[in-house]
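Subject: Structure handover

Hello,

Here is the structure we talked about. Please open it first, then read the notes below.

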Amino acid sequence: MPSITAAYRISPPEGTPSVNIPTENEHVVELKIGTAPATSEDGVKVTNGNDSPYYTVLLEALAEAKEKLNEDMTVWKEAVGDREKQKEVISAGTKGQQGNGKAMMMVKAARENDALPDDDDEEDEEEDDDDDDDIETI
């Protein structure tokens, strides 16, 4: 029978407590071709409009695989906790540095932008000076 395979391999940081889920796992979800569409908890049929039953079965299998992966990833996320945050605060030039996280890179870019002179302000001041010359006194 056709199936969908969803696999993952996790390398948790040192100090992560052990969990009851392996670091490498594979979920196989069989496509239930020829079966009636599934229903959700509230009794609504899970379908995809006017698409063929094949697409409906495929969507059901993908949803099941996603749910299984989400369950595993939630357990790992809770086990790892804040241990991954240390990767973002490694100072530049530190031996074994693997880079900064996205947030740290955005902070650096913002600091660099703040350090650059803003040419627009100078133009605004010059325009303000020119405006005074255009005023006529009656």
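**Glu64 and its partners**

Glu64 is partly exposed, because its relative accessible area is 28%. The model is a predicted one, so please read every value here as computed from it.

Which residue forms a salt bridge with Glu64 at 3.3 Å between the closest N and O atoms? That partner is Lys32. The two residues sit in distant parts of the chain, 32 residues apart. Glu64 belongs to helix H1, which covers residues 53-80. Lys32 lies in the loop between S2 and H1. Lys32 is partly exposed too, with a relative accessible area of 43%.

Glu64 also forms a salt bridge with Lys68. Here the closest N and O atoms are 3.5 Å apart. Lys68 and Glu64 are both in helix H1 and 4 residues apart, so about one helical turn separates them. Lys68 has a relative accessibility of 27%, so Lys68 counts as partly exposed. Through shared partners, these salt bridges join Lys32, Glu64 and Lys68 into one network.

In general, side chains of opposite charge can pair when their charged atoms come close.

**The pair between the strands**

How many salt bridges does the structure hold? There are 3. One of them joins the side chains of Glu24 and Arg9, at 3.7 Å from N to O. This pair also links distant parts of the chain. Glu24 is in strand S2, residues 24-30. Arg9 is in strand S1, residues 3-9. They are 15 residues apart. Is Arg9 buried or exposed? Arg9 is exposed, because its relative accessible area is 65% and the cut-off for exposed is over 50%.

**The chain as a whole**

Now the wider view. The protein chain has 3 helices and 2 strands. From the N terminus on, the order is β-β-α-α-α. The strands therefore come before the helices.

The chain has 138 residues, and 14% of them count as buried. The exposed area is about 11,300 Å². Carbon and sulfur atoms supply 49% of that area.

What share of the contacts with a separation of 6 or more comes from residues 24 or more positions apart? The share is 57%.

**Where to look**

Start at Glu64, which pairs with Lys32 and with Lys68. Then go to Glu24 and Arg9, the pair that links strands S2 and S1.

Best wishes

Note on methods. Residues numbered from 1 in each chain as written. Predicted model: local features only at pLDDT ≥ 70, side-chain atom pairs only at ≥ 80, totals over all residues. Heavy atoms only, no water. Buried < 20%, exposed > 50% of the residue type's maximum accessible area, 1.4 Å probe, protein only. Contact = heavy atoms within 4.5 Å. Areas by Shrake-Rupley, 256 points an atom, 1.4 Å probe, with all protein chains shown as cover. Salt bridge = Lys/Arg side-chain N within 4 Å of Asp/Glu carboxyl O.
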